[in-house]
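Subject: A structure for you to look at

Hello,

Here is the structure I promised to pass on. Please open it alongside this message, and I will walk you through what turned up.

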Amino acid sequence: MIEVYIAVGVLAICLYFKWVCSYWRRVANIDGPQPLPIFGNGLEQITGSKHFGEIFEEVYRTYPTASWVGIYELFNKPAIVVRDLELVKDILVGSFQHFNKNSFEVDETIDPLVAVNPFTQSGDTWKETRGQLVPVFTQSKIRACFPILKNVAENFLDYVTTTRESTPDLEAKDICSRYTIDAVASCAFGIDAESFTNPNSEFQRVGYELFHPNSISATVRTLLALFAPKVASLLRIPFVPRHVDRWFRKLVNEIIRQRKEGEVKRQDLFQAMYDSLAQNGTSEVKVDEIVGHSVTFLSEGFETSSTMMSYLLYELASNQHIQDRVLNEIDCVLKEYDGKLTDEAVQKLVYMERAMYETLRMHSPVFTLTKVCTKDYELPTQYADGAAKRVTIPVGMSAIIPVFAIHYDPELYPDPCRFEPDRFLDENRKARHRYAFLGFGEGPRICLGMKFGLTQSKIGIATLLTKYRVQQSDKQQLPLEISRKSFLLSPKNGIWVKFVERR
């Protein structure tokens with residue numbers, strides 16, 4: 001009898017998975033890759049053989065004439081991969097009210113700091129929080145931080161100069177992370193993170209813990225937040241480790257105390273944020289809000305900027321003719337400003353900025369933009385002939401926009417593996433579909449820290465290149481591989497460069 005029960009149970013499980021894995025076929029005979037039970041189309045991500053960005057890029061290439069493709073996320077949850085740029089535009093802007101939520105979800109009872117980040121919020125809560133932060137990232141507020149950023153950049157240059165004397169081969173991601181963590185700590189917290197002087201810098205260690213899953217538990221936290229937030233909530237697994245949460249609270253509370261008591265007076269981003277929050281509420285700002293927004297500063301200014309800077313150094317080292325143009329522009333601008341890298345001088349480094357955009361195209365820190373349907377939405381037919389019936393996706397289904405795949409589409413970017421900053425000349429940008437570049441996202445949820453990230457990166461790279469050329473190191477392993485453990489772009493074996501004094 002027990003054998004019969006087991007057989008019936010196994011049969012029931014098999015039938016269940018056969019049913020859930022046939023959703024797209026049952027709905028409208030929709031094309032898409034065949035899923036596996038439980039893992040859906042994400043087994044290679046779970047095993048580490050592919051990054052989820054690579055999986056969606058493969059889906060994008062496999063169905064070249066489809067407007068969208070039906071797939072299955074973890075636990076066989078149906079989703080779509082969006083191919084058509086007009087549909088991308090509609091999801092991000094035109095029908096924003098149907099997709100005003102990101103898929104990265106946390107439980108505010110176990111992750112109060114991340115829950116305050118507008119990236120994890122939706123609806124009216126998102127609108128209110130974003131409204132609090134928009135005034136903090138205005139161009140005038142960022143330009144006011146120029147002296148702070150310039151000082152950090154000079155420390156960056158000194159660090160490279162000192163380090164290369166004993167270690168000529170430098171890991172670009174490491175040195176650029178030191179720069180951006182110091183820049184964020186100085187501009188957003190008013191403190192010295194000691195990334196250049198202290199090998200045991202707490203600020204740097206905490207930043208790495210947040211963005212670099214280097215353990216099984218950290219990887220699990222990231223995967224759950226991305227693909228199974230309800231499971232994370234059920235198991236009470238926070239995205240931000242408890243000790244990191246406590247560290248940030250202690251740090252921010254001390255900064256607030258110092259400023260209230262007049263020990264420190266600075267017109268930096270932290271003060272702008274505190275003032276903005278105070279104006280939007282009562283005289284006292286909620287601790288979770290200001291600590292959470294401080295973590296937001298870290299996410300906006302640290303990891304993505306250091307990633308872009310390190311890959312830019314890699315591309316300049318690999319394309320010396322482009323580096324020549326960057327250096328020539330720096331020299332011409334500095335000559336105009338008596339050899340000083342001023343705020344106005346940085347604004348004139350337009351070719352360098354194009355090189356930064358091209359770096360973001362080829363090496364976008366985010367592989368996908370994943371939006372959750374918040375209001376039933378009728379999709380266009382899967383193919384242009386319109387033969388199939390139209391499909392309505394329900395609330396809760398994800399629409400995955402494969403940034404990595406779009407940026408490497410040869411129909412949009414001929415010879416996409418070639419580094420060519422002039423793709424971002426105004427006339428070339430206007431010739432492409434606006435949504436062919438998604439390095440900062442688009443629409444109402446475009447990256448808040450975009451201007452700050454570009455500014456600090458420009459200052460850091462320009463300061464380095466006033467004294468050095470960058471070359472590839474013999475330690476560099478080619479081809480350049482990505483880490484499949486990180487949800488953001490990260491080099492698997494590092495980016496190794498040498499800095500050679502200019503003559």
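A good place to begin is the hairpin of E1 and E2, where five residues lie between the strands and Phe75 takes a positive phi near 65 degrees. Please keep in mind throughout that this is a predicted model.

The two arms of that hairpin, E1 (residues 68-72) and E2, run antiparallel and are joined by five bridges. One pairing to look for is Tyr72, whose bridge partner in E2 is Pro78.

From there you can follow the rest of the sheet. Five strands make up an open sheet with mixed pairing, in the order E1-E2-E8-E5-E3. Its edge strands are E1 and E3 (101-102), each of which pairs on one side only. Next to E2 comes E8 (residues 398-401); these two run parallel, with three bridges between them, and Ile80 has Ala399 in E8 as its bridge partner. E8 is also joined to E5 (residues 369-372), this time by four bridges in an antiparallel arrangement. There, Leu369 stands opposite Ile401 of E8.

How enclosed is strand E2 by the rest of the structure? Largely so, because five of the five residues in E2 (residues 78-82) are buried. Both of its faces are covered: Pro78, Ile80 and Val82 are buried on one side, and Ala79 and Val81 are buried on the other.

Now to a charged residue that I think you will enjoy. Glu329 sits in helix H17 (residues 320-336). Glu329 is buried yet has no salt bridge, and the nearest side chain of opposite charge, that of Arg354, is 6.1 Å away. What does lie 2.7 Å from a polar atom of the Glu329 side chain? That is the backbone nitrogen of Tyr351. Leaving aside residues up to four places away in sequence, Glu329 touches Lys348, Leu349, Val350, Tyr351 and Met352.

Last, the cysteines. A disulfide is a covalent bond between the sulfur atoms of two cysteines. The structure holds zero of them. Cys176, for example, is in no disulfide, and the nearest cysteine sulfur, belonging to Cys187, is 16 Å away. Cys176 counts as buried because its relative accessibility is 0%. Cys373 is buried too, with a relative accessible area of 1%.

Enjoy exploring, and do write back with any questions.

Best wishes

Terms used. Residues are numbered from 1 along each chain as its sequence is written. This is a predicted model: local features need pLDDT of at least 70, side-chain atom pairs count only at pLDDT 80 or more; totals for chains, interfaces and linings use all residues. Side-chain values use heavy atoms; hydrogens and water are left out. Buried means under 20% relative accessible area, exposed over 50%, partly exposed in between (1.4 Å probe, protein chains only). Two strands pair if DSSP finds at least two bridges between them. Lys and Arg count as positive and Asp and Glu as negative; His and the chain ends are not counted. A salt bridge is a side-chain nitrogen of Lys or Arg within 4 Å of a carboxyl oxygen of Asp or Glu. A polar contact is a pair of N or O atoms within 3.5 Å; within protein, one must be able to donate a hydrogen and the other to accept it, and residues adjacent in sequence count only if both atoms are side-chain atoms. Contact means heavy atoms within 4.5 Å. A disulfide is a pair of cysteine sulfur atoms within 2.5 Å.
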